[in-house]
Amino acid sequence: MTAVESNTLQKPPPETGSAPETAAVAEAVLPGAGLEGGGPAGADAGSAPGGEPGARDRSRAPRPRLRALDGLRMVAALMVAVYHYGGRDGEIGEAWGSSPALQFPTASQLFAYGTLGVQIFFIISGFVICMSGWGRPLRSFFASRVSRLYPAYWAAVVLVTLVFALPWVTYQAVSPSDALVNMTMLQQPFGADRVLGVCWTLWVELRFYVLFALFVVMPGATRQRVVLFCAVWTIASAVTEAANEPILEVVLMPEYSAYFIGGIGLYLLHRNRRDIVAWGVVVVSWLIGQGYAVDRLWHPPNPDFFSYRPSLGIIAVVTAGFVAVGLVALGHLRWANWRWLTVAGTLTYPFYLVHEHLGWVAVHVLHRTLGLPSAVAFPATIVSMLGLAWLLYRFVETPLTPRIKKLLTTAR
């Protein structure tokens with residue numbers, strides 16, 4: 001659920017309101033995707049108090065945290081979790097002892113929509129990474145990304161590898177060599193077996209970070225530069241699809257670019273809700289994004305498929321993701337300011353990392369070993385994975401993230 005950066009902002013300007021399923025989609029989960037646990041994002045340099053480009057916002061006082069965004073990313077993570085536990089077949093069926101369609105005859109069809117939590121994560125990531133990179137030097141941006149993504153990820157890779165190596169666990173661990181390659185987060189392009197099924201979304205995120213760093217952060221973020229980045233990436237994605245050139249597909253990710261670009265457009269609206277160009281960026285991105293989602297997830301009704309998602313249902317969920325982030329961007333969810341939402345936000349990334357593979361083990365133990373009914377084992381598994389996420393946050397992320405960030409920021 002993936003998006004990995006602080007959503008603490010500077011004082012807002014007055015105008016703002018503060019396929020048939022591919023293998024990748026079938027294994028969907030995200031994000032570390034563009035969200036970070038806490039801390040100021042830095043000044044929104046390059047924008048005048050009224051949201052116009054050119055003048056620099058000299059206010060350095062941090063804005064209130066966008067806690068609604070924390071809650072939204074936890075919703076996206078839970079969507080992905082229910083998809084993995086009850087919205088698809090595969091290894092989870094082995095954990096339950098039968099297909100989730102038999103365990104949850106009605107709910108499983110709703111759980112199948114949870115895979116779209118990944119797309120929502122990508123929208124959030126576009127918003128937050130644009131916010132994070134605005135007014136921040138490249139070294140600081142790089143340090144924030146590495147220090148946020150890797151500590152919990154390393155711990156999750158080690159933990160899943162060790163658990164899968166236990167003799168009573170039926171799932172096969174990857175080879176020691178592939179496990180070591182996984183520590184780089186580059187196992188997918190290098191062809192190593194993945195320790196975490198969800199890590200494919202991190203590979204998507206990494207490529208987005210590189211593009212944004214090269215073309216926005218390094219030259220310095222301004223409204224004009226961000227708009228140009230969105231426009232060029234959108235057109236380049238269309239050309240990539242038309243050219244059917246594999247190297248361009250790897251670099252430009254046309255299947256996912258619209259979600260990131262839409263999130264960037266929503267951040268521009270957060271800075272100035274009257275920005276008509278930003279509205280255009282968001283609308284075009286939504287139009288393209290829903291098309292990709294339908295293309296990847298819709299198929300004709302077929303009793304041999306696990307689930308059937310009508311195209312209107314897919315469109316509705318993608319639209320809800322854009323609208324939800326938009327409500328945050330425009331300040332309409334300012335009232336959702338409960339502190340527990342911040343706690344939820346800090347747990348999202350570690351939960352996202354561990355919930356799938358270790359969830360299989362938890363389901364097996366709770367349902368088949370201890371005999372708990374599936375209706376009880378399902379939420380108990382989610383709670384247990386949230387508890388594990390808290391441990392990773394408390395004993396891995398809390399001590400390591402600031403140390404790694406300091407080392408990378410001060411290194412010469």
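This report covers the fold, aromatic contacts, surface patch and unusual backbone angles of a predicted model.

## Overall make-up

The protein chain has 412 residues, and 58% of them count as buried. Its secondary structure comes to 17 helices and two strands.

The accessible surface of the chain is about 16800 Å². Carbon and sulfur atoms account for 69% of that surface.

## Aromatic pairs around Tyr171

The structure holds 28 aromatic pairs. One of them joins Phe164 and Tyr171. This pair is stacked, with 5.6 Å centre to centre and 25° between the planes. Phe164 has a relative accessible area of 8%, so it is buried. Tyr171 is buried too, because its relative accessible area is 6%.

Tyr171 also pairs with Trp360. Here the rings are tilted: 4.9 Å centre to centre, with 45° between the planes. The contact links distant parts of the chain, with the two residues 189 apart. Tyr171 sits in the loop between α7 (138–164) and α8 (176–182). Trp360 belongs to helix α16 (residues 339–369). With a relative accessible area of 6%, Trp360 falls under the 20% limit and therefore counts as buried.

## A ring cluster and two arginines

Ring pairs also build a cluster. Its members are Phe122, Phe141, Trp200, Phe208, Tyr209, Phe212, Phe229, Trp233, Tyr256 and Phe260.

Tyr209, one of the cluster residues, has a charged neighbour. Arg145 lies over the face of Tyr209, at 5.2 Å from the ring centre. A second arginine is placed over a tryptophan: Arg271 lies over the face of Trp134, at 3.8 Å from the ring centre.

## The nonpolar surface patch

Leu138, Val210, Leu214, Phe215 and Met218 make a nonpolar patch on the surface. The patch covers about 460 Å². Helix α10 (residues 199–217) gives the largest share, three residues.

Val210 lies in helix α10. Its relative accessibility is 48%, so Val210 counts as partly exposed. The patch cut-off is over 30% relative accessible area, and Val210 at 48% is above that cut-off.

## Two positive phi angles

Most residues other than glycine have a negative phi. Two residues are worth a look on this point.

Asn244 has a positive phi, near 55°. It is placed in the loop between α11 (223–243) and α12 (246–252). Asn244 counts as exposed because its relative accessibility is 57%.

Met253 also has a positive phi, near 50°. Its place is the loop between α12 and α13 (254–271). Met253 is buried, with a relative accessible area of 2%. Asn244 is thus on the exposed side of the cut-offs, whereas Met253 is on the buried side.

Definitions and conventions. Residues numbered from 1 in each chain as written. Predicted model: local features only at pLDDT ≥ 70, side-chain atom pairs only at ≥ 80, totals over all residues. Heavy atoms only, no water. Patch = residues over 30% accessible without salt bridge, like charges linked within 9 Å, V, L, I, M, F, W, Y side chains within 5 Å. Areas by Shrake-Rupley, 256 points an atom, 1.4 Å probe, with all protein chains shown as cover. Salt bridge = Lys/Arg side-chain N within 4 Å of Asp/Glu carboxyl O. Helix = DSSP H or I, 4+ residues; strand = E, 2+ residues; numbered from the N terminus. Buried < 20%, exposed > 50% of the residue type's maximum accessible area, 1.4 Å probe, protein only. Phe/Tyr/Trp six-rings, centres within 6.5 Å; stacked < 30°, edge-to-face > 60°. Lys NZ or Arg CZ within 6 Å of the ring centre and 35° of its normal.
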